[in-house]
Amino acid sequence: MPASTRPHRTLAVLVHCLGVLTALPALPTPDPPRAAVTPVVAPASPSAVVASASPAPVVASASPSAPVVASASPPARTARAEPARPAAATAGPGTRTTPGAGSPSTRPGADRGTPPAVRVRVAPAGTPAPAYRIEVRNDGNAPVATTVRQELPPGSSATTVSAGGRTTRSAGRADSAEVTWRLTLPARSTTTLNTALTAAVDRPLTAPACAFDGSGNRPYDCATATWHQAAKPEADAGPTPFWQRPTTLLAAGALLLAVLAATGWWLLRRRRRVTGATTGRFGADPGVTGRPDSRGTVYPRPAVPSPAYRRRRPPVWLVVGMALAILAGVVGAAAWTATTRVAAIDTGAQPTSGAWTGPGHAGPLGVPLREAAFEFTVYRMACDPATARRRCQATVGVRNLTPQQQVWHGELQRAYLPDGRWVNADEPATRAANQGRDVFAEPVAADGRMLVPLVFTVAGPEPPNQVELRSGVFSAGVRVDVP
C-alpha cells in the first residue's frame with residue numbers, strides 16, 4: 001500500500017468507531033424480566049400505613065418489629081417509566097388519601113368557572129300605559145340562581161309586577177327605583193316577567209333590565225327597551241289647513257290652466273293683428289317693400305330699405321318689481337338659513353378645543369349612545385351607602401363599531417359629581433369586580449360586545465350624576481345622565 005494513503009484509512013477507521021460508540025446509547029434495549037412478587041402481610045397494627053407511590057409496591061409497617069418486603073424486580077429505568085396513576089385505596093384505620101393532581105380541588109382556576117348561559121330580552125308592551133315584558137332564558141344544562149333587576153325611568157313608579165318582584169330604591173340613589181326578582185332558572189327554560197308603570201306619557205320611557213348572579217354583583221346579560229306613546233287617532237287631530245285639502249289643490253290647478261290658456265290666446269291674437277297691419281300697409285309690391293317679387297323680373301329694381309321698427313322694451317315697473325322680488329327671496333333664504341343654524345346650537349354643550357373626532361351624544365340610562373368607535377350603554381348605577389369614600393359600580397355594555405379591534409383605557413372613563421368634580425375609573429376595584437380580569441388590557445374584537453362593571457370611587461355624600469365614556473383620547477365620547 002502506498003505510504004500516502006495510510007493516514008487516510010486510519011482516520012476513516014477512527015471516525016467509524018466513534019460513530020458506532022456514539023450510537024450505542026440510543027439503541028433500544030429490552031426490559032428485564034420481572035420476577036413474581038410475593039406479597040408479605042405485615043403483622044396487624046393500628047398504625048399500619050399502606051403506601052403506593054411507585055410501580056414497585058412496598059408494604060411497610062409503622063411498627064418497629066414489622067419486616068419490610070420490597071419487590072424482587074429491579075427498578076425500572078427512569079427514561080421509560082410511565083406516570084403512576086392514582087389507585088383506589090380502601091379506607092381503613094390510619095389510612096390517608098391524597099387527592100391526585102388532576103382533581104378539581106387542585107386545578108388552578110377551578111373555582112372560577114365560566115358564567116352560566118343566561119340571556120335577557122326586553123320589549124315594550126303594546127298598551128296605552130307604559131309596560132314591559134322581560135324574558136330571561138337559561139341555555140345551560142343546570143339550574144341557575146339569578147337576580148333580575150329593572151331600572152325604572154325617573155318620575156315613574158311600578159303599578160304591576162309579576163312573579164313576586166319587589167320595588168325598591170336603587171342602591172345609594174334616593175331619586176330612582178328598581179324592580180328586583182330573585183329566581184332559580186330551570187335548565188333549558190325561559191321565564192317571562194311583566195311590569196306596568198305609571199308616569200307622564202309625554203316622552204319616551206326607557207327601562208333597562210339585567211340578570212346578575214345570586215349575590216347581585218356580577219352581570220350575566222343586559223337588555224333595554226323604550227316605550228313610546230301610541231299615535232293619536234285621526235278623529236283627535238285638528239282640521240286640515242285649507243291649502244292641504246284636495247279640493248283646494250284641484251281648484252288652484254284649474255285656475256292656473258285657465259290663466260295660461262287665456263294668456264296664450266291673447267298672445268296669438270296680438271301676433272296675428274300685428275302681421276295683418278303690416279301686410280295692409282306695405283302690400284305685396286316689391287318696389288315698396290324692397291323684397292323681390294316671387295315671379296321674378298327681367299330688369300333689376302333698386303332695393304328699397306325696409307322701414308326700421310323700434311324694439312319693444314318691458315315697462316320699468318315690471319323690471320323694478322322683478323328685481324325687488326328676487327332681492328326679497330335672497331334675503332328671506334339667508335335669514336331662514338341663519339335662524340336654523342342658530343337654533344341648532346346646543347347652549348348646554350361643554351366648551352371644547354375643536355380637536356374631538358366623531359360626534360358626541362348624551363342620553364339617559366339604558367339608551368345606546370354611539371361615538372367614534374364604540375357604542376356605550378349604561379344599564380345601571382349603584383353606589384354604597386353614604387360615607388367619606390364610597391364606591392359606585394356602573395354596569396356598562398360596550399360594542400365595537402369598527403372593522404378592527406379597539407382598545408380603551410380606564411383613565412378616560414369618568415364619573416362627574418354634582419359640583420363639577422370628576423373621578424376616573426378605579427382600575428383595581430374594576431378588576432376585582434370582574435373576577436380578576438383586566439377589561440382594559442383586552443382589546444374589543446371587531447363588531448364584538450362585552451358587558452363589564454366599572455367601579456368609580458368618589459369622595460363625599462353625593463353620588464355621581466353623569467358618566468362620561470370614550471374610546472380614545474381625541475374621541476368626543478358619550479355622556480349618560482344618572483338620576
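**Exercise 1. Establish the strand order of the open sheet that contains S13, and identify its edge strands.**

Solution. The order is S13-S14-S15-S18, four strands in an open sheet with antiparallel pairing. Strand S13 (369-370) and strand S18 (449-459) are the edge strands, each pairing on one side only. Here two strands pair if DSSP finds at least two bridges between them; strands (E, at least two residues) and helices (H or I, at least four) are DSSP runs numbered from the N terminus. S13 pairs with strand S14 (residues 374-383) in the antiparallel sense over two bridges, and Arg370 has Glu375 in S14 as its bridge partner.

This is a predicted model: local features need pLDDT of at least 70, side-chain atom pairs count only at pLDDT 80 or more, and totals for chains, interfaces and linings use all residues. Residues are numbered from 1 along each chain as its sequence is written, and side-chain values use heavy atoms, with hydrogens and water left out.

**Exercise 2. Trace the pairing from strand S1 to S2, and then from S2 to strand S7.**

Solution. First, strand S1 (residues 118-124) runs antiparallel to strand S2 (residues 131-138), joined by seven bridges. A hairpin of six residues connects S1 to S2, and Arg119 stands opposite Arg137 in S2. Next, S2 is joined to strand S7 (residues 189-198) by eight bridges, again antiparallel. In this pair, Val136 stands opposite Thr191 in S7.

**Exercise 3. Determine whether Arg270 is buried, partly exposed or exposed.**

Solution. Arg270 lies in helix H2 (residues 246-282). Its relative accessible area is 33%. Buried means under 20%, exposed over 50%, and partly exposed in between (1.4 Å probe, protein chains only); Arg270 is therefore partly exposed.
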